[in-house]
Amino acid sequence: VTRPLQVFGTLVRAYISVVLEHPAAAFLYILTSVFPLVMLAGWLALLRGGATIRGWQSSGFVTYYVAAMVVNQLSRTWVSDTWEEAIRSGTLSAQFLQPVNPVSHYLADHMAHKVVDSAVIAPLLIVAISISQDLRFTTDPLMLILGVLATILGSAMNFLMALCCAMVAFWSEQTGQLYQVWVGIGAFLSGWIIPISLLPKVMQDIARFLPFLYTLGFPAQVLSGQVRGTAAPGAFLIGASWTVAFYSIYRLLRRHGMRHFQAVGG
Amino acid sequence: VGILHRYLTVLIIFVGSSVRQSLEYRTAFYVNSALGAFWLVWATQVARVYYSYANSINGWSYGNLLVLMGVYFIANGFRQVLFSPNLQRIGEYVRTGTLDDLLLKPMDSQFVVSLRYVDITHAADPLLGTVLVIAGSTRSSGGISGVALVAFAIALLSAFLLLYFLNLAMQAICVLAVSPDGLSQLMNGLIDSGRLPVSVYGPVLQAILTVIIPVAFIITTPASILIGKMPASTSAICIAFVATFGLCARLLWISALRRYQGVGS
């Protein structure tokens with residue numbers, strides 16, 4: 001059992017070194033998803049003059065969108081693009097010859113980015129909290145721990161969700177676009193565009209049972225102290241169920257896809 | 001005139017070869033066009049979220065914001081068709097040494113580096129954006145005068161040139177810093193800030209978005225001129241700004257090359 005883990009640990013370390021080849025890029029990547037801040041600026045413009053929106057004040061919006069940006073940074077993944085590219089270029093065939101599951105390369109790459117991103121974000125976040133009075137994350141240690149756990153779960157689930165999409169590349173060459181549409185629709189239900197408590201009631205109820213919320217909005221809500229602790233067990237249960245579901249779907253798609261892939265390979 | 005003719009001929013060859021190359025991937029064109037339409041509808045729905053809580057953002061009605069979104073799609077579409085493909089490749093040019101080869105060609109290096117490739121798979125985006133501009137302006141109160149339309153055309157033309165020079169400046173930074181292709185991703189992210197009028201941002205951000213990453217001139221200003229929030233004469237400021245910005249970008253490119261040769265020798 002320890003041998004595969006050792007191999008995987010080495011892979012993660014190797015990919016961390018790759019990420020660190022361009023340390024400045026790690027900083028720049030944070031600026032590649034300023035979308036939450038754009039949405040935030042819109043809300044703050046609406047709130048100018050001390051108004052509130054359904055009880056939300058500016059500090060609530062600031063905290064939520066910054067949390068969403070951080071969670072997104074730690075859960076976003078490119079696996080559907082890189083996997084498709086590996087199939088197109090033939091890299092994947094070579095990876096299948098190695099005595100390691102090719103997916104472990106992509107998972108190790110994902111984790112390496114998250115390790116480096118955490119190290120980059122943490123100091124920035126500390127500076128931001130000490131400067132801004134509107135940035136009020138939860139100070140309850142239990143909720144902080146739950147928030148971190150929710151972020152890790154979200155990151156894992158997001159990777160598996162994208163991996164399912166990546167498997168479609170065995171049959172189609174437009175996987176990247178498929179994933180874009182999937183993410184685009186999910187954006188309304190994940191809390192990426194708007195905190196889900198500001199959505200109509202029906203949408204909120206739908207969102208609660210779909211996977212998207214647990215990849216972004218839920219961890220962000222926990223970290224910004226906008227969720228009661230009693231709601232956490234149910235949310236974790238739904239999130240974990242989806243994670244297991246996506247893993248099963250991935251296994252299924254991969255088994256069938258491999259047959260197709262080998263057929264294409266000749 | 002001879003030089004201009006030569007450059008124009010080469011440009012046509014560049015475009016032709018790119019188009020022929022992408023014709024091999026027809027499906028990608030159709031899928032990307034459909035995807036463009038999807039993101040357009042998506043953007044209008046995102047805007048609706050605000051307007052379910054208020055009638056205007058900083059004085060911009062829903063119709064006004066649709067015009068802005070349309071300009072965003074036009075500008076971003078042209079960027080993806082004409083400029084991004086070249087920015088994506090600059091890192092590779094530097095890493096593999098292709099840049100040395102390009103510098104030896106009997107053409108201006110800026111021309112070869114910045115206009116070599118086009119990506120027509122995104123060609124539908126500007127058209128979709130135009131539809132949105134028309135839809136938004138019919139919803140906006142008060143008709144659109146002929147003068148405003150001409151000024152809008154001038155401002156939009158300046159916006160294209162600004163995008164070109166912004167792209168060139170990024171390419172120059174790539175040559176200086178030998179960074180990976182992150183800068184192209186960065187542009188994709190930063191242009192998102194143009195989805196709202198720049199007046200919603202704080203003073204510092206507004207200044208940055210006006211002068212350094214001039215989203216204000218690329219998106220907000222043309223839209224404002226068309227719907228009459230800014231006088232038609234603003235387009236003169238656009239022209240003056242492009243001239244200045246373009247000069248700076250050109251100088252940055254030249255100095256980047258000078259440094260680059262220093263590394264090589």
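Which element gives the largest share of the lining of the second largest pocket? In this predicted model, that share, 6 residues, comes from H7(A), and the legends below take up this pocket together with other close-up views.

**View 1. The second largest pocket, with a volume of about 1100 Å³.** Of the 32 residues that line the second largest pocket, those closest to its centre are Leu31(A), Leu37(A), Val66(A), Met69(A) and Leu205(B). Two or more lining residues come from each of H3, helix H4 (58-75) and helix H7 (102-131) of chain A, and also from helix H9 (203-211) of chain B. When the lining is sorted by class, 26 of its residues are nonpolar, 4 are polar and 2 are charged.

**View 2. The contact between chain A and chain B, where about 2700 Å² of area is buried.** Carbon and sulfur atoms give 74% of this buried area, and the contact brings 30 residues of chain A together with 32 residues of chain B. Between chain A and chain B there are 7 residue pairs in polar contact, both residues of each pair being at pLDDT 80 or more, whereas the count of salt bridges between these chains is 0. On the side of chain A that touches chain B, helix H2 (23-30), H3 and helix H9 (175-190) of chain A each supply at least two residues. The largest share of that side, 8 residues, is supplied by H3(A). By class, the residues on the side of chain A that touches chain B are 21 nonpolar, 7 polar and 2 charged.

**View 3. The largest cavity, one of 2 cavities of 30 Å³ or more that a search of the whole structure finds, is lined by residues from chain A and chain B.** This cavity holds about 50 Å³ of space. From chain A, its lining takes Phe35(A), Val38(A) and Met39(A), while from chain B it takes Val46(B), Ala47(B), Tyr50(B), Met69(B), Arg195(B) and Leu196(B). Helix H3 (35-47) of chain A and helix H2 (26-51) of chain B each give at least two residues to this lining. The lining of the largest cavity counts 8 nonpolar residues and 1 charged residue, with no polar ones.

**View 4. The second largest cavity, with a volume of about 30 Å³, is lined by residues of chain B.** The lining of this cavity consists of Leu166(B), Met187(B), Leu190(B), Ile191(B), Ile213(B), Val215(B) and Ile218(B). At least two of the lining residues are supplied by each of helix H8 (182-190) and helix H10 (215-226) of chain B. All 7 residues in the lining of the second largest cavity are nonpolar, with no polar and no charged residues among them.

**View 5. A salt bridge within chain A, formed by the side chains of Glu85(A) and Arg88(A).** Side chains of opposite charge can pair when their charged atoms come close. Here the distance from N to O is 3.8 Å. Glu85(A) and Arg88(A) are separated by about one helical turn, because they lie 3 residues apart in helix H5 (residues 79-89) of chain A. Over all chains, the count comes to 5 salt bridges.

Conventions: Residues numbered from 1 in each chain as written. Chains lettered and ligands numbered in written order. Predicted model: local features only at pLDDT ≥ 70, side-chain atom pairs only at ≥ 80, totals over all residues. Heavy atoms only, no water. 1 Å grid on protein atoms, 1.4 Å probe; cavity = no way out; pocket = protein on both sides within 12 Å on 5 of 7 lines; lining within 4 Å. Points joined across faces, edges and corners; volume = space filled by probe spheres on them. Helix = DSSP H or I, 4+ residues; strand = E, 2+ residues; numbered from the N terminus. Nonpolar A, V, L, I, M, F, W, Y, C, P; charged D, E, K, R; others polar. Contact = heavy atoms within 4.5 Å. Buried area = accessible area lost by both parts, 1.4 Å probe. Salt bridge = Lys/Arg side-chain N within 4 Å of Asp/Glu carboxyl O. Polar contact = N/O pair within 3.5 Å; in protein donor to acceptor, adjacent residues only side chain to side chain.
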